[in-house]
Every structure is written in C-alpha cells, then in structure tokens.
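Let's take a walk through this structure together. Have a look at it first, and then we'll go through it piece by piece.

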Amino acid sequence: MPDYIGAIDQGTTSTRFIVFDRAGKIIASAQKEHQQIYPQPGWVEHDPDEIWFRTCQVIAEAVEQAALQPRDLAAIGIANQRETTVLWNRKTGRPIHHALVWQDMRTGDAVSEFSRQDGPGRFRRKTGLPLSTYFSSLKIRWLLDSVPDARAQAEAGDLLFGTVDSFLLWRLTGGPDGGVHLTDCTNASRTQLMNLETLDWDDELLGAFGIPRPILPRIASSSERYGEAALDAISGVPIAGILGDQQAALVGQTCFRPGEAKNTYGTGCFLLMNTGREIVHSTCGLLTTVAFRWDREPASYALEGSVAIAGALVQWIRDNFGLIGSSPEIEMLARTVEDNGGVYFVPAFSGLYAPHWKHNARGTVAGLTRYSNRGHLARAVLEATAFQTREVVEAMERDSGIRMAVLRTDGGMVENQLLMQFQADILDREVVRPAVKETTALGAAYAAGLATGFFENLDDLRSRWAVGQTWKPAMDAPTRERMYAFWKKAVSRSFDWLDAE
C-alpha cells in the first residue's frame with residue numbers, strides 16, 4: 001500500500017494540492033490563485049480553463065516538491081467550491097462560457113419570477129433549498145438561454161454540465177478521450193435539481209427549470225473509485241473521493257455523529273451540523289443538504305447556514321480601497337482601536353444568505369461619526385463575520401433543538417486571533433480550532449482513503465482529531481447584547497435596497 005494520499009482543494013479564489021501521510025501530516029503542498037472576473041455589478045465569473053491549468057500546476061509542483069511518483073499515492077480526493085456552474089462541449093472539452101460563481105447574482109430577476117408561484121420555498125421540500133441566485137439551477141438556465149446556440153447544443157447531446165468537481169474529474173480522467181462525467185451527492189444537493197430522498201435528478205425540477213437531463217452528470221457517493229487519473233504526474237492514481245468544500249470540512253473535522261457541527265471561515269462562512277440520516281427541514285432560514293455518503297451506505301444529512309461574504313470582505317477592503325496591503329494586516333489595523341467605535345458593516349454585496357435570504361439587500365455601513373477612523377472600520381469588517389455566525393448559530397439551535405456547547409472552526413480566517421476571540425465573546429461559548437488546520441483538503445483525502453483502504457474506518461479517522469487552540473468568552477453580557485442589537489439594526493437597514501432604489 002502506498003504511504004501517501006492526495007487532495008485537490010479547489011476553492012473560490014485559489015486551487016491547492018496537498019499530500020498527506022497516514023497521520024494527517026502535510027508532506028507537500030502547492031497553491032495558485034485564479035482570476036476573479038466581474039463583468040458588471042453583481043456578476044462573478046471564473047475561467048474554467050484557468051482553473052484546470054492551475055490544478056495541473058499545483059499537482060505537478062507538490063509531487064515534485066516531495067519527489068513522489070504516481071505509485072506513492074494511494075488515491076486522490078477532490079473538494080471544490082460548490083454551486084459554481086460550468087457548461088462545456090463534450091467533444092472539445094472547451095467551456096462555452098466562463099463559470100458562473102456561487103456568488104453571482106445575475107439570476108435575481110428569475111428568482112423573483114419563480115417565486116411568484118408558491119413563494120421562495122417552492123422547491124424547498126424536495127431540495128432543502130429556497131429559490132436563490134446562490135444555487136446552480138438558475139445559473140444553468142441562464143447559460144442555456146443566453147449563450148448563442150447553447151440550448152440547441154444541449155438538446156443535441158453535445159454539452160455537459162458540472163459543478164467544478166465534475167469538470168475537474170472529467171478532465172483528470174481523460175476529458176474528450178473517455179473522461180468520467182459524474183458528481184457526488186453533496187455537490188448534487190447544491191444544484192437545486194436533486195431530490196434529497198431519492199438522491200437522483202428530479203424530473204419535475206428539471207422540467208420547471210428547463211434543463212435537459214442528458215447534460216447532467218451521474219450522481220455517485222462521496223467515497224468510491226470513480227476512475228484513474230490520466231495526468232502524467234499522477235497517472236493511474238485512483239480518484240476516489242469527492243465532497244463539496246463545506247462537507248469536506250465537516251468530514252475533516254470528523255463530525256460524523258448527529259449534532260456535531262463546524263464553521264468554516266473562508267471567502268464566505270459556512271456552518272454545518274450533522275443531522276444523521278434524518279432530513280431536517282428548516283423553519284429558521286437554514287438549508288437542508290447532504291453531509292456525505294460512504295459508498296453504498298445511506299446518506300447522512302446536515303443543516304447549513306451560509307454567509308456569502310466573510311474573508312471576501314477583508315479582500316475587498318484590501319483590493320478596492322487599499323486600506324491594508326495584505327489580508328493579515330487587518331488584525332493589526334483593528335488592534336489600533338479598543339472597540340468598533342459604534343461602526344457596523346453589513347457585507348450584503350451578493351444579498352444576504354442565511355437566515356435572511358434577501359437577494360435584494362446590499363452592503364451597508366452604519367453608525368459612522370466624525371470620531372470613526374480606519375481602525376474602527378477594520379474592527380467592523382472582522383466583527384461582521386462573527387455577528388453573521390451568531391445569527392446562523394441561533395437559527396441552527398432553534399431548528400435542531402441542540403445547544404452548541406463548543407463551536408469547531410477552520411478556514412483561513414481562524415488565524416486571526418482578534419476575530420476568534422470576538423467570536424467566542426459574541427457567542428458566549430468556547431471556540432476551538434483543530435490541531436490540523438487544513439480540514440477541507442483533509443476531508444477529501446479521508447473520503448478517498450476510506451474508498452481505497454488507506455484509512456480503516458470512521459473510528460480510525462475520529463481518533464486523529466485533536467484541539468489546537470481554544471478561545472473562551474470574556475465579554476460581559478450587557479455589552480454583548482447591546483452590540484448584537486446594534487448589529488441587527490444595521491442588518492435591517494440593508495433590506496430591500498434595490499426596491500428602494
């Protein structure tokens with residue numbers, strides 16, 4: 001048996017390839033960013049060919065870094081940004097348009113159109129999802145109707161659809177020359193086209209959105225042998241695990257039991273709670289989604305609260321305003337003041353996700369006075385992520401009936417000590433970070449390892465999880481509740497901005 005296992009972590013802003021040993025130690029790692037394309041306000045695109053090129057680059061770099069041969073890798077797993085939508089020609093492999101990113105809002109009018117019949121929860125019972133610009137269904141529809149000749153090509157069987165996992169798997173396993181076209185059930189559950197109970201594409205949903213079934217990938221489990229890599233650096237290595245990035249982090253945090261939860265602080269912020277084999281339909285604005293499925297076993301489900309803008313707000317302050325030179329500098333700037341000075345920043349750039357689901361909300365800065373300075377704005381930027389997380393935690397506790405004693409965290413923003421302490425303060429509970437921080441890639445590696453015998457079972461994986469750092473609440477209750485009340489007031493000011501306009 002080979003000594004190592006690999007994971008492709010294809011995220012919203014970059015792609016990484018990480019090689020782990022059996023203990024979960026990182027042996028090699030490479031990362032490349034890709035371009036964020038903004039054709040007009042509210043539109044967000046990626047170039048799928050660039051993502052594929054970056055994927056090839058990071059695989060080659062990491063393999064060379066550790067002087068590995070394909071025979072040294074037991075398998076490779078894929079974790080990917082979810083909902084992002086790619087349509088490509090099955091004969092040439094070329095995308096017919098840039099990918100529409102999960103943050104993209106061009107389908108806002110279609111959301112309103114579909115909501116007129118039975119409201120935004122029209123398909124929630126089957127899919128666990130409200131009508132929103134977030135999911136793949138309306139993005140596919142837009143591409144088919146807006147790209148010249150796309151619908152005709154689809155009807156003729158010349159087009160393939162996939163979230164980024166499907167696109168990469170198809171390319172990795174040969175592309176036009178025998179590439180495997182499938183997705184796993186966690187990614188399929190984010191398209192708004194899969195029935196949560198049958199774990200298959202639903203004809204009623206396909207008809208409602210006008211999507212031809214032949215363009216869709218086969219839905220597989222999260223952990224099984226899908227095919228072998230045709231790329232030179234990893235030729236013949238099994239691709240054996242696929243998970244949407246947030247479900248991958250849930251697996252990487254070993255949240256295998258009902259009630260266990262994690263929050264990932266990345267471009268967005270995503271809190272998932274395992275609900276076991278029970279499909280829990282939210283009454284508090286959360287999503288119901290597939291958590292994972294191991295080979296032929298029944299699926300496990302999760303409740304999810306999705307925050308659109310978290311780390312992306314720090315990047316926005318950096319790139320659009322030049323307030324900081326690099327993302328880590330936000331903490332130093334925020335520490336130049338003792339508090340937020342009464343400033344609250346609601347980053348509704350792409351509308352508001354859970355628990356509000358207001359696609360016509362827009363970003364708002366509230367509480368500015370002549371006293372306000374750069375440090376107060378930096379504090380407000382960091383605190384926005386923690387406030388949004390508290391809103392999601394409260395909704396999740398109401399839906400599940402379970403109080404979270406501890407919040408498990410991961411993602412790039414957990415390196416920010418100020419943010420993590422404020423998160424513990426505003427939640428009034430402990431926040432913990434695991435010893436192994438790369439939980440998304442680790443989750444994909446775990447899925448691939450389970451399918452190939454590299455890892456023994458879930459107990460084997462669970463024994464590997466350990467606490468790396470704990471933050472304990474230190475804020476008094478009156479201050480906590482006063483700040484949260486001001487946050488809620490600021491959020492209300494962002495509602496229905498486009499209608500007011």
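What follows is a short tour in three stops: a sheet, a strand with strands paired to it, and a single residue.

Before setting off, keep in mind that this is a predicted model.

Let's begin with the sheet. It's an open one, built from six strands in the order β3-β2-β1-β5-β14-β13, and the pairing is mixed. At the edges you'll find β3 (26-33) and β13 (223-228), each of which pairs on one side only. Going from one strand to the next, the twist averages 25°.

Now zoom in on two members of that sheet. Strand β5 (residues 73-80) and strand β14 (residues 238-244) run parallel, and five bridges join them. If you'd like a spot to point at, try I78, which stands opposite I242 in β14. A helix also belongs in this picture: α6 (residues 164-172) packs on the sheet and touches β1 (4-10), β5, β13 and β14. The direction of α6 makes about 145° with that of β5.

Next stop: strand β18 (residues 300-307). How many of its eight residues are buried? Eight of the eight are, so β18 is largely enclosed by the rest of the structure. As a reminder, buried here means under 20% relative accessible area. In a regular strand, side chains alternate between the two faces of the sheet. For β18, both faces are covered: S300, A302, E304 and S306 are buried on one side, and Y301, L303, G305 and V307 are buried on the other.

Which strands pair with β18? Strand β16 (residues 269-276) is joined to β18 by seven bridges, and the two run antiparallel. Within that pairing, M273 has L303 in β18 as its bridge partner. Strand β17 (residues 287-292) also pairs with β18 in the antiparallel sense, this time over five bridges. There, L287 has E304 of β18 as its bridge partner.

Our last stop is a single residue, N263, which sits in strand β15 (residues 261-265). Why does N263 count as buried? Because its relative accessibility is 1%, and the cut-off for buried is under 20%. The side chain of N263 reaches the backbone nitrogen of L271 at 3.3 Å. And what is N263 in contact with, leaving aside its neighbours within four places in sequence? The contacts are C269, F270, L271, T389, L407, R408, T409 and D410.

Terms used: Residues numbered from 1 in each chain as written. Predicted model: local features only at pLDDT ≥ 70, side-chain atom pairs only at ≥ 80, totals over all residues. Heavy atoms only, no water. Pairing = 2+ DSSP bridges. Helix = DSSP H or I, 4+ residues; strand = E, 2+ residues; numbered from the N terminus. Axes fitted to C-alpha atoms, helices over the stretch in contact; angles between N-to-C directions. Contact = heavy atoms within 4.5 Å. Buried < 20%, exposed > 50% of the residue type's maximum accessible area, 1.4 Å probe, protein only. Polar contact = N/O pair within 3.5 Å; in protein donor to acceptor, adjacent residues only side chain to side chain.
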